[in-house]
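This report looks at ligand surroundings, a metal site and an annotated domain. Please view the structure alongside the text.

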Amino acid sequence: MDLQKSPRFGSRIVIVAFLLLILNAALLCNGGKTSSFFRKVENNVDMPLDSDVFAIPSGYNAPQQVHITQGDLVGKAVIVSWVTVDEPGSSLVRYWSENSEEKKLAEGELVTYRYFNYTSGFIHHCTVRNLEFNTKYYYEVGLDHTSRQFWFITPPEIGPDVPYTFGLIGDLGQTFDSNMTLTHYELNPRKGQTVLFVGDLSYADDYPNHDNVRWDSWGRFVERSVAYQPWIWTAGNHEIDFAPEIGETTPFKPYTHRYHVPYRASQSTEPFWYSIKRASAYIIVLSSYSAYGKYTPQYQWLEEELPKVNRTETPWLIVLMHSPLYNSYNYHYMEGETMRVLFEPWFVQYKVDVVFAGHVHAYERSERISNVAYNIVNGLCTPVNDLSAPVYITIGDGGNLEGLATNMTEPQPEYSSFREASFGHAIFEIKNRTHAHYSWHRNQDGYAVEADSMWFFNRRWFPLNDSTTHTWN
Ligand SMILES: *[C@@H]1O[C@H](CO)[C@@H](O)[C@H](O)[C@H]1NC(C)=O
Ligand SMILES: *[C@@H]1O[C@H](CO)[C@@H](O)[C@H](O)[C@H]1NC(C)=O
Ligand SMILES: *[C@@H]1O[C@H](CO)[C@@H](O)[C@H](O)[C@H]1NC(C)=O
Ligand SMILES: *[C@@H]1O[C@H](CO)[C@@H](O)[C@H](O)[C@H]1NC(C)=O
Ligand SMILES: *[C@@H]1O[C@H](CO)[C@@H](O)[C@H](O)[C@H]1NC(C)=O
Ligand SMILES: *[C@@H]1O[C@H](CO)[C@@H](O)[C@H](O)[C@H]1NC(C)=O
Ligand SMILES: [Fe+2]
């Protein structure tokens, strides 16, 4: 039906427009939007260890917990990791591209660790290098006894208009809700090609003695995705595993043994902060739980890293961290403040497009705002609209056992564009150097439903106001 030509619908449109005008005025007074979507609040429980998602692959010394991540700066290498439990076995990866029958071998390394009274399996890490861009590769691990085969697709060569789709998941854990989040991500028709994971993986540390068996079960749970597409890792507070009461005083011990990242490729000296380029994006990973004050290694690294970003090569500048710099929930309130004070001026100076964080177990998206004018005497401490500033997104709503953050500061601050306490994931779909489509997907909806969305305009190539808060004249 042609709505515009029908007089009956015409008058309805006027009424609807009028109502929207009133509604919108209310929203503007209130700052952004707090979704009224109601979700039952309950304690989340981890899936029992005998759940299907934790099944141990059959066969003697069969590789389990297989996972991949980018293995170099540009996407021509992949780090393949897996665990064997019966004996050390082979650290070799056999791989071949779908266009060629020639099979190659890459040699990895083997690590183990002890944590209190837990002894890890044999953890293998192998970097497969010199891959062709934009190519499907098959790979096989467990070459000594029971081998298992997987595949991945390398990213296209880096370039300013290369489309690429990132998924965003944070604070996942291993509850029934976590399984829903992962399932929704997998079945989302927007089809993420790589996950940007904003920290807090297994939540094993919520168990007595940080029962590391839950690190293993988490590895088996997410294998169904991360064995086939890279997840880019960020360290969260649940990766610290610092427990002096049981003699565990090396921070990040389980995390660093299990998850390797290509930090040296970006001249980083620690695996907690690093960057990668992928397609048309430059992704900087920061650590909320490593020193970042002035003169520290992380601070120095970031100071030298930001000027290296060439927006002609990679127009999209994305920053990942665990603790959000802007957060209007009453959980972890202002925990990101010290890092904001140090790094926000750089984010504005270098026109970061978007900062993704986790930590708060809910969802929130900000306006483009900055709060960098303040010094100790001028009193200028209110966030202001700033088209050079990033959008800040909290996506800590993966669904872990600690449950949802539902308590919000009231009224909603002006800078907060949308917030909702529901579990879900997001998709950042780069179209070209000027446009990226972003959407947030809650677990209660159908796979294709966008509960929040925004067209991102690139800060270097199309720095117009892309706020979703409409004004009506
Ligand atoms: C580790 O210690 C805890 C508490 O003493 C105990 O319940 C558990 O069975 C032990 N685990 C192993 C692998 O020995
Ligand atoms: C997890 O999700 C998958 C895919 O939807 C499903 O096959 C599986 O049964 C689920 N497992 C649990 C324990 O909920
Ligand atoms: C930035 O990248 C473009 C495209 O790859 C290249 O032509 C240009 O020389 C680079 N600029 C600098 C300063 O490296
Ligand atoms: C961007 O647009 C929104 C909505 O129209 C407006 O509230 C905001 O002030 C604008 N930002 C700037 C920096 O002009
Ligand atoms: C919400 O958080 C505030 C500030 O921490 C606290 O005073 C209040 O009691 C909390 N409300 C609920 C319902 O937990
Ligand atoms: C970039 O993508 C947007 C959104 O798909 C599209 O509207 C625009 O025309 C594209 N720009 C170019 C130069 O193709
Ligand atoms: Fe956290």
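Five residues surround ligand 6: Lys 431, Asn 432, Thr 434, His 435 and Trp 455. Asn 432 makes a polar approach, with a side-chain atom 2.3 Å from an oxygen atom of ligand 6. On its own, ligand 6 exposes 360 Å², and the protein buries 36% of that area. The model is a predicted one.

Ligand 3 has Asn 310, Thr 312 and Glu 313 around it. Here an N or O atom in the side chain of Asn 310 is 2.3 Å from an oxygen atom of ligand 3. The protein covers 26% of the 360 Å² of accessible area that ligand 3 has when taken alone.

**The iron site**

Which residues coordinate the iron ion (ligand 7)? Asp 200 donates through OD, Asn 237 through OD1, His 322 through NE2 and His 359 through ND1. The coordination distances run from 2.1 to 2.3 Å. Along the chain, the donors follow the spacing D-x36-N-x84-H-x36-H. Asp 200 and His 359 link distant parts of the chain, 159 residues apart. Asp 200 sits in the loop between strand E13 (194-197) and helix H3 (213-226). His 359 sits in the loop between strand E18 (354-357) and strand E19 (363-366).

Why is the arrangement around the iron ion (ligand 7) irregular? The four donor atoms subtend angles of 84 to 171°. A tetrahedral site needs all angles between 85 and 135 degrees, so the range of 84 to 171° does not fit that class. The arrangement therefore counts as irregular.

**Burial and exposure**

The table sets two iron donors beside a loop residue.

| Residue | Relative accessible area | Class |
|---|---|---|
| Asp 200 | 1% | buried |
| His 359 | 3% | buried |
| Glu 101 | 72% | exposed |

Buried means under 20% relative accessible area, so Asp 200 at 1% qualifies. His 359 at 3% is buried by that cut-off too. Exposed means over 50%, and Glu 101 at 72% is therefore exposed.

Glu 101 lies in the loop between strand E4 (92-97) and strand E5 (104-107). Its C-alpha atom is separated by 52 Å from that of Pro 244. Glu 101 and Pro 244 are 143 residues apart along the chain.

**The annotated domain**

An unreviewed UniProt entry lists residues 165-363 as "domain: Calcineurin-like phosphoesterase". In the model, this span is 27% helix and 16% strand. The end C-alpha atoms of residues 165-363 lie 20 Å apart.

Definitions and conventions. Residues are numbered from 1 along each chain as its sequence is written. Chains are lettered from A and ligands numbered from 1 in the order in which they are written. This is a predicted model: local features need pLDDT of at least 70, side-chain atom pairs count only at pLDDT 80 or more; totals for chains, interfaces and linings use all residues. Side-chain values use heavy atoms; hydrogens and water are left out. UniProt positions are given in the numbering used here, feature names are shortened, and annotations may be inferred rather than shown by experiment. Helices (H or I, at least four residues) and strands (E, at least two) are DSSP runs, numbered from the N terminus. Donors are N, O and S atoms within 2.8 Å of the metal (3.2 Å for Na, K and Ca); water is not among the atoms, so sites may look incomplete. Four donors count as tetrahedral if all angles lie between 85 and 135 degrees; four count as square planar and six as octahedral if opposite donors are over 155 degrees apart and all others between 65 and 115; anything else is irregular. Buried means under 20% relative accessible area, exposed over 50%, partly exposed in between (1.4 Å probe, protein chains only). A residue is near a molecule or strand if one of its heavy atoms lies within 4 Å of it. A polar contact is a pair of N or O atoms within 3.5 Å; within protein, one must be able to donate a hydrogen and the other to accept it, and residues adjacent in sequence count only if both atoms are side-chain atoms. Accessible areas come from the Shrake-Rupley method with a 1.4 Å probe; for residues, only the protein chains shown count as cover.
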